[in-house]
Amino acid sequence: MHSRKQPLFVGEKKRGYSMVISDTIKYVGVNDHEIDLFEGQYVVPNGMAYNSYAILDEKIAIMDSVDAHFTQEWFANIDQALDGRKPDYLVVQHMEPDHSGSIHRFVENYPEAKIVASARAFVMMKNFFGTDFADRQVVVGENDTLCLGSRTLTFITAAMVHWPEVIMTYDSQDKVLFSADGFGKFGALDVEEDWACEARRYYIGIVGKYGVPVQAVLKKAAGLDIQTICPLHGPVLTENLGYYLDLYNIWSSYAVEEEGVVIAYTSVYGNTKKAVELLAEQLRAKGVKVVVNDLARCDMAEAVEDAFRYSKLVLATTTYNGDIFPFMRTFIDHLTERNYSNRTVAFIENGSWAPAAARIMKGMLEKSKNLTYTAAGVKIVSALNEASTAQLTALAEELCGEAAAAQPAAEVGKKFVCKICGYVYEGETLPADFICPLCKRGVEEFEEVK
């Protein structure tokens, strides 16, 4: 993972994780070290935090619940923070089960408390719990308010950040933004680790598709005096908030965070890997930041994070079953699903009889916006030779911004691909009597590669 040192925690830590955000806002969330995969796919070696907060005033509001496995611990934290008082409201900002899983138990435990949420959230409660708690509802929308006594909470709709029912909450007295899943990260609060790496991996993986809604919320936040951000995952943020806001602006606008080259590859017998290693060596010799990911062995979510972090991406894979190697297909699907754009992309393909990987990879990216493809490409037929090694050198020079050396083009003339087996015929025309040497089909089964 990549390191960028930033503040890890704020406030007074109790029992390794409990924090006091202000005199009247206390942390009542929990840590989860039992989880191995968050949302069933993201590796979380340092666990997760399910954050919840108690706002103490004439009336008391609890901000969000926690995963159902930790309900009793959450109740104990609430009781300690409230010191004999009872909550008047549970504000539900987000309905994912890691935050909503204890709502029904809260209703049972605090029969006088009301539930504050968006109209859509109450529909989801009906779906999750079989009831929408009609007699306890306080429905809120954009700029609606809730007075707790000396302070008033203002609600901000944040649809599709990253679910449709999401709201955020602003406390103008303590100048706190309760940001739902925004500004969250992987990792429990009793483990010290860098914020940016795990926040980036969290954002790109979970929220990354929804850049436009995030940009809309950032514009709303720009009009608020925010001194503290309280997310539903990860540490409370108080210092250098511009740093975090700037990163969210970069991520949600799909801008380049850092200059560098990511090489994502798969290799069956090591020949594509040798080409990747040679390219990486040449780039590093020119002073370029290079990150290499073996997609069959690395954390896929981190490889995706790298692709969005850096300015250039090299995709290197083999033609496999007339397609591309499965891990590369999965990787590109992750990119396009999250609106990968505004980058420079290059291709290295390998195939022992009918290399087609470059064409397929480029086709998978055709809906991505504002991608620039390098003029240089690399075609390996089984193993590196003099010609493909020269193409690697030309690619390294182009990725460094240098004038590409005169090399034989990776793509020569026209290509015609067999729709049955993937064999590629190269030439200006396909002879009328041509028979595919692999599947023995005629020209009627071929089409020109555009």
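**Aromatic pairs and helix α1 in a predicted model**

The structure holds 24 aromatic pairs. The model is predicted, with local features needing pLDDT of at least 70 and side-chain atom pairs counting only at pLDDT 80 or more, while totals for chains, interfaces and linings use all residues. Residues are numbered from 1 along each chain as its sequence is written, and side-chain values use heavy atoms, leaving out hydrogens and water.

Reader: Why is the pair of Trp195 and Trp251 called stacked?
Author: Rings of Phe, Tyr and Trp (its six-membered ring) pair if their centres lie within 6.5 Å, and planes under 30 degrees apart count as stacked, over 60 as edge-to-face and the rest as tilted. The centres of Trp195 and Trp251 are 6.3 Å apart and their planes are at 15°, so the pair is stacked.

Reader: Why do Tyr42 and Phe186 count as buried or exposed?
Author: Buried means under 20% relative accessible area, exposed over 50% and partly exposed in between (1.4 Å probe, protein chains only). Tyr42 has 4% relative accessibility and therefore counts as buried, and Phe186, at 0%, counts as buried too.

Reader: How do you know that the span of helix α1 agrees with what is expected?
Author: Helices are DSSP runs (H or I, at least four residues), as strands are (E, at least two), numbered from the N terminus. The expected span is 1.5 Å times one less than the number of residues, so the twelve residues of α1 (residues 71–82) should span 16 Å, and the end C-alpha atoms are 16 Å apart, which agrees.
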